[in-house]
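This report looks at one protein model, with attention to enclosed space and to charged side-chain contacts.

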Amino acid sequence: MQEIEKTLADFINICAASLGIAEEMLAEPTVEGVAAVESTAAMESGAVLPLAYLIAEDAEVYADTAHSAISAISACTACRLCETRTLVVPGEGVENPLVMIIGEGPGADEDRTGRPFVGRAGQLLDKMIASIGLSREKNCFIANVVKCRPPGNRNPSQDEIDACFPYLQKQIVMLQPKIILCAGKISAQRLFDSSLGINAIRGSFSEYDTGIDGSAAIPLLATYHPSAVLRDESLKRPAWEDLKLLRSKLEEMGLDIGLL
Ligand code: URA
């Protein structure tokens, strides 16, 4: 319990620091807050941005909402996926990422650990992005269109995607990624606002409009889901083409990706 309390305290201090809020303004960890952190295992990695930070509208409301927001996402019942999930999977990575990668929804491994893309597909995703100098530890943030596992790995339904989408919209606004990369059809259709298949959507950039006045549109690209690449070797080459396109765009934008 002591260990969990320390984690929560550290976590709240990180939130405070990110938003310039004095530590004293934040309440002591509550039992509910501890339980929420306990159930959001991903936060313990330190690489994960707390969802409270992503949900709060601004720094002023943040102090009030920190605990309730953490509890809210862990206790989210906006759709039926809450009935069968083990852990909510908010996402993980760095703040102001070069690339925000958006997948479909948690699978069994993610549901168990509370972390996105940690199963076989996730391992491939890590390798794919590493090939162009990207990683969730250094310069990416990885999330999903739905934060809870669809049972039996079925696709999330439209109403589940709609119920969860406000969380993703807030994440995008708060994280301010330089580029968004959709992994797979479900994510691509939602972010591109398209009913086309992944073959038609991938391969060229579009733009994601955050809907916030004065905020620039974010370059948007889609590629195959790593699970599809695992199933079908012939997708490796076009997926690689997409990654090269992504890397060229980062370079064109003058962003420092570091050495390969
Ligand atoms: N597939 C996804 O789309 N997301 C995950 O987090 C894991 C597998």
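What follows describes a cavity and then a set of salt bridges.

The structure is a predicted model.

**The cavity**

A search of the whole structure finds 1 cavity of 30 Å³ or more. The space in the largest cavity amounts to about 120 Å³. Its lining is made up of 16 residues. Nearest the centre of the largest cavity lie Cys-76, Cys-79, Cys-148, Cys-164 and Tyr-167. Helix H7, which covers residues 158-175, gives the most to this lining, with 4 residues. Sorted by class, the lining has 12 nonpolar residues, 1 polar residue and 3 charged residues.

**Salt bridges**

The structure holds 13 salt bridges. Three of the pairs are listed here with the distance between nitrogen and oxygen.

| Pair | N to O distance |
|---|---|
| Lys-236 and Glu-233 | 3.3 Å |
| Glu-251 and Arg-247 | 3.0 Å |
| Lys-249 and Glu-252 | 3.9 Å |

How exposed are the side-chain partners Lys-236 and Glu-233? Lys-236 has a relative accessibility of 44% and counts as partly exposed. Glu-233 has a relative accessible area of 57%, so this residue is exposed, the cut-off for exposed being over 50%.

The pair Glu-251 and Arg-247 belongs to helix H11, which runs over residues 236-252. These two residues are 4 apart in the helix, about one turn. Is Arg-247 buried or exposed? Arg-247 has a relative accessible area of 16% and is therefore buried, since buried means under 20%. Its partner Glu-251 is partly exposed, at 46%. This salt bridge thus joins a buried residue, Arg-247, to a partly exposed one, Glu-251.

Lys-249 and Glu-252 also lie in helix H11. Because they are 3 residues apart there, about one helical turn separates them. Glu-252 is exposed, with a relative accessibility of 64%.

Which residues are linked in a network of salt bridges? The network is formed by Arg-80, Arg-154, Asp-159 and Glu-160.

**In brief**

The model has a cavity of about 120 Å³, whose lining includes 12 nonpolar residues. Among its salt bridges are the pair Glu-251 and Arg-247 in helix H11 and a network that includes Arg-80 and Asp-159.

Key. Residues numbered from 1 in each chain as written. Predicted model: local features only at pLDDT ≥ 70, side-chain atom pairs only at ≥ 80, totals over all residues. Heavy atoms only, no water. 1 Å grid on protein atoms, 1.4 Å probe; cavity = no way out; pocket = protein on both sides within 12 Å on 5 of 7 lines; lining within 4 Å. Points joined across faces, edges and corners; volume = space filled by probe spheres on them. Nonpolar A, V, L, I, M, F, W, Y, C, P; charged D, E, K, R; others polar. Salt bridge = Lys/Arg side-chain N within 4 Å of Asp/Glu carboxyl O. Buried < 20%, exposed > 50% of the residue type's maximum accessible area, 1.4 Å probe, protein only.
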